[in-house]
Amino acid sequence: MRLATRILLSLNKLFPPPVHPFNLANQGTMRYADWQFERGHLTLEHYRPFLSPEEIMLDKTVLDIGSGAGGKTLYYATLGVKKIYGVDVVPHYEHEARALAAEKNLSDRAEFLTADATALPFPDDHFDVIIANDVMEHVAQPEAVLREAYRVLKPGGRFFTNFPPYYHPYGAHLSDVIGIPWVHAFFSEPVLIEAYRELVKDLPDADMRLRLRLGDPETNRTRITYINRMTIKRFRRIVEESPFRIAHWRLVPLRSFLKPLAAVAPEFFMKAVVCILEK
């Protein structure tokens with residue numbers, strides 16, 4: 001084990017990780033899908049300065065990209081959507097989402113598919129609304145995702161997205177077991193991976209976590225494939241070069257008292273990028 005990894009593991013004992021759905025599921029406290037459902041309203045609150053949740057969803061045909069286990073998607077369904085589709089690249093999420101839809105009597109208005117956001121199985125001009133919560137920091141081809149979203153949106157349709165930028169305190173997306181804020185600014189990626197492997201090795205869902213973060217955990221020891229290192233600057237450039245019109249753009253500081261720091265170093269002190277694009 002590297003010396004840097006041992007230092008990280010020692011420091012990590014001083015920083016309890018934030019609440020994470022994987023850990024809640026392991027503790028038997030709450031399923032991932034239920035955690036998503038409970039937090040669905042928080043996603044839509046990001047857009048309230050522009051539109052209310054009901055205005056976004058009511059009587060709309062909606063696509064939720066990166067729907068995970070379907071909890072958020074089903075929360076949106078309760079707001080009066082005409083029809084909502086959730087897509088994710090993880091196959092087992094489709095089954096979990098459909099089961100939750102049945103539990104909540106929402107199967108008639110919510111449908112789930114395993115699909116790549118760069119090649120959606122929908123016709124042109126199909127959706128009134130597309131929402132992508134905590135997605136744009138993960139996709140390997142963000143430009144292609146925006147092009148595909150533009151294709152399947154109706155003229156006048158809107159694409160709603162929010163995500164934490166890469167240098168957010170937990171932008172490495174390892175906070176299920178690593179609680180050190182900005183850990184990825186201080187340690188190399190191979191060190192992060194070695195520490196993460198060590199911290200999850202005895203967990204019942206260790207293989208799932210490693211495959212999610214690393215793609216192929218048997219061979220990948222140098223790169224976290226779960227994230228694309230999306231910065232605020234990079235995303236702004238991508239949307240400006242896309243066919244969309246920017247209807248709303250907002251950066252949300254980590255805390256209100258950190259606004260002065262966020263103004264000086266936004267990549268490190270912003271909680272979320274919030275963007276609404278129009279076709």
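Two exercises with worked solutions follow, on a pocket and on salt bridges in a predicted model.

Residues are numbered from 1 along each chain as its sequence is written. Local features need pLDDT of at least 70 and side-chain atom pairs count only at pLDDT 80 or more, while totals for chains, interfaces and linings use all residues, and side-chain values use heavy atoms, without hydrogens and water.

**Exercise 1.** Find which element gives the largest share of the lining of the second largest pocket.

Solution. Begin with the term: on a 1 Å grid over the protein atoms alone, a pocket is an open set of points where a 1.4 Å probe fits, with protein on both sides within 12 Å along at least five of seven lines, and lining residues have an atom within 4 Å of a point. Next, the lining of the second largest pocket holds 15 residues, of which R31, Y32, A33, Y93 and E96 lie nearest its centre. Two or more residues come from each of α2 (21-26), α3 (32-45) and α6 (91-103), these helices being DSSP runs of H or I with at least four residues. The largest share, 6 residues, belongs to α6.

**Exercise 2.** Explain which parts the salt bridge between R31 and E103 ties together.

Solution. A salt bridge needs a side-chain nitrogen of Lys or Arg within 4 Å of a carboxyl oxygen of Asp or Glu, and the closest N and O atoms of R31 and E103 are 3.0 Å apart. Because R31 lies in the loop between α2 and α3 and E103 in helix α6, the pair ties together parts that are 72 residues apart in sequence.
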